[in-house]
Amino acid sequence: MAEGADAAKRKQPAGRKSRQSGLKRSSSSRVSLEKVLGISTVSSSGLTSDPNSGLIAYPAGCVVVLLHPKKNKQSHIINTSRKPFSALAFSHDGKYLVTGESGHMPCVRVWEVGGGQVAEVQSHKYGVSCVAFSTNSCYIVSVGYQHDMTVSVWDWRKGSIIASNKVSSRVFAVSFSQDSSYFVTAGNRHVKFWYLDASKERRVNSTVPLIGRSGLLGDHKNSVFSGVACGRGLMASSTYCITSSGLLCLFNSSRQLEAWVNLKTSSASCLAVSEDFIFCGCADGLIRVFSPSNLQYITTLHRPHRLGVDLTQSLQHGLLPASPGAQYPDTLALTFDPAAKHLTCVYNDHSVYVWDVRDVRNVGKLYSALYHSSCVWSIEVYPELSDVSQACLPPSSFLTCSSDNTIRLWHTDPPTGHRNLYSNDLLRILYVGENTQHLQAEGERGEAAGADGKAGIRVLGISPDGQHLAAGDRCGNLRIFGLEFLDELVKIEAHDSEVLCLEFSPTSTGVRLLASASRDRLIHVFNLERNYSLEQTLNDHSASITAVKFTGESPEVRMVSCGADKSIYFQAAEQTTDGLSFSRSHHVVEKTTLYDMDLDSSRTHVAIACQDRNVRVYNVETGKLKKCLKGSSSDEGALLKVQMDPSGSFFATSCSDKNITIFDYESGECVATLFGHSEIVTCMRFSQDCRHLITVSGD
């Protein structure tokens, strides 16, 4: 979300809503990232905690979220190179954070926590799979992606690589020994000990080969080692590894696999080690706890929520007991804060939990958040109603939908009566269909989505009276939900292909209609008065329809649609004995694909986002082009979305280069450029008070 500085009044041209606008006109206007609701695909190298401040860090696209779980406050590090973060780790004094990124020629960067970037080095080609500070915070080790095949150690204060070598296996994790004399990498049929002391005779300002010795794996030489941690305290000479098949292994100071224990799970992915405990992250929400000295089993921690949990039914004083037959998300990443005794876990449905493990046999939950686990397609902000008593949802709440087959109701500062046990920002989750497999992130759920992955809800619409929610899915079905109880009222098999846009007619038109348009080139118009019965089907377009809007005032109701056939159709409605009938009044053909459209605040003009990075503004009544505005500050990519703010002062655009730009609607000048998403922005909405812009994305 981007937040303007203090709301500033502006002179309103005739026909605009008199509304305070959230962005100042002047160049002092500050647009800042306020909150991130989500977490990128996480591996064990994508989660870290700082024992000094209690901060937790995880990647969210091109942003690192620094979370303070006790205060439920976020701060952010944004990658100005606009490459997605792939790995991160705190230094042991908590003052610095090291990050790795993915993409062509990625950098390893060091950031001051609470400050900016202080160092960077570029030694990998394709991406960085894991990073770590040495225990004395002098050195950083980074391991590249599999095809990169390099492991490098650098003196980050001097910005020079001091030792490097090739590694042929895919590496999942890295850990430094307590005395910083060696580190261990673990991966596919790979456990290797790398010795820094052997490189001590290094010549000044030159990179020497890093000395590595393989662990002696014995019978486990074909295992995939998904996590590694060097021992602490009395066990500092030992190294612990976990295999994806579910074994916890102990290596002694001679690199020998000395002992192993079966975790009794279908798979395991991560581990965290302290002086007293080894925490092993396993499938089905399990975290097993062992003693570091002899691998003695201690206990199994509480599971998180079950997949498909109803947030409103949760008990107030503790998590729901495990129910037979329930499925739980797999544990993907763990980090332990030995000072506060907090264990942070990320699960594969993209939920984050912080457990208080001061007493491992009686664990308490300090914090949790549930997020979408797949591409977020659409967002709708709940309308401001003139009669507040008619509202089904608290003011300034918003809804999102995703390929994970859920619709989620959010509020960044929920009223007390609406809070629940599992999430501070999430009020409700609406599960569409019975299949909870889609809730688990892509890599884990296999064939659940079908051959083409066409699962999930593609687009949302909220009726102007705030009573109904329309949702179109990726198979062409249209569902209507009542917003008071979030119950399904109507299901219509409307289209042969995914529904791309839904639009309710605004109150000013005097009619109650819903238009749905799809990749199947059809627009269906449904009548709300007759329980969403089909009023008319329009088949003018010859390709996917990307946007539909209603405007005008009764009896002169109009509809505008645009699509990938480069056509804009302006339709006018006539009253017939059977009801309203739309017929074409104007047809405009552009030279470029039209991706999105929004009405200005007077509702007399439409602004259309075009592939050539321009926003073209047309008069709805005449179909004539009024003006053409620049819609992107870059010279690459296509404009995908355009959104007017409710005051009519600004419009926001999103481009295929993943950037968002805010422009002044009158002058066309660029007010702000925002970035942070690592995939294309699929939808944007301004909040009703014009103070925030909410964006959702494929990341």
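Biologist: How many of the contacts in the protein chain, counting those with a separation of 6 or more, come from residues 24 or more positions apart?

Modeller: One caution before the number: this is a predicted model. Contact here means heavy atoms within 4.5 Å. In the protein chain, residues 24 or more positions apart supply 46% of the contacts with a separation of 6 or more.

Biologist: What does the secondary structure of the protein chain come to?

Modeller: Count helices, then strands. The protein chain has 1 helix and 57 strands.

Biologist: How do I read the radius of gyration of the protein chain?

Modeller: Set it against the globule rule for the chain length. The radius of gyration is 27 Å, close to the 27 Å that the rule gives for 699 residues, so the chain is as compact as a globular protein of that length. For the outline, take the principal axes: the C-alpha trace spans about 90 × 60 × 45 Å along them.

Biologist: What share of the residues is buried?

Modeller: Buried means under 20% relative accessible area. In the protein chain, 60% of the 699 residues are buried.

Biologist: And what is the accessible surface of the protein chain?

Modeller: About 28,200 Å². Carbon and sulfur atoms hold 46% of that surface.

Biologist: Let's take one sheet. In what order do β28, β29, β30 and β31 stand?

Modeller: Read a sheet by strand order, then by pairing sense. Here 4 strands make an open sheet, ordered β28-β29-β30-β31, with antiparallel pairing.

Biologist: Which strands stand at the edges?

Modeller: β28 (331–337) and β31 (364–370) do. Each has a single partner strand, so one side of each lacks a neighbour in the sheet. From one strand to the next, the twist averages 15°.

Biologist: Over how many bridges do β30 and β31 pair?

Modeller: Strand β30 covers residues 351–356, and its antiparallel pairing with β31 runs over 6 bridges. Take one residue as a handle: the bridge partner of W355 is K365, in β31.

Biologist: Now the cysteines. How many disulfides does a search of the whole structure find?

Modeller: The test is distance: two cysteine sulfur atoms must lie within 2.5 Å. The search finds 0 disulfides. For C610, the nearest cysteine sulfur belongs to C628, 6.9 Å away. For C670, the nearest is that of C655, at 12 Å.

Biologist: Is C610 buried or exposed?

Modeller: C610 counts as buried because its relative accessibility is 0%.

Biologist: And how does C670 count?

Modeller: C670 has 41% relative accessibility, so it counts as partly exposed.

Notes:
Residues are numbered from 1 along each chain as its sequence is written. This is a predicted model: local features need pLDDT of at least 70, side-chain atom pairs count only at pLDDT 80 or more; totals for chains, interfaces and linings use all residues. Side-chain values use heavy atoms; hydrogens and water are left out. Buried means under 20% relative accessible area, exposed over 50%, partly exposed in between (1.4 Å probe, protein chains only). Two strands pair if DSSP finds at least two bridges between them. Helices (H or I, at least four residues) and strands (E, at least two) are DSSP runs, numbered from the N terminus. Axes are lines fitted to C-alpha atoms, for helices over the stretch in contact, and angles run from 0 to 180 degrees between N-to-C directions. The radius of gyration is taken over C-alpha atoms; the globule rule is 2.2 Å times the number of residues to the power 0.38. Accessible areas come from the Shrake-Rupley method with a 1.4 Å probe; for residues, only the protein chains shown count as cover.
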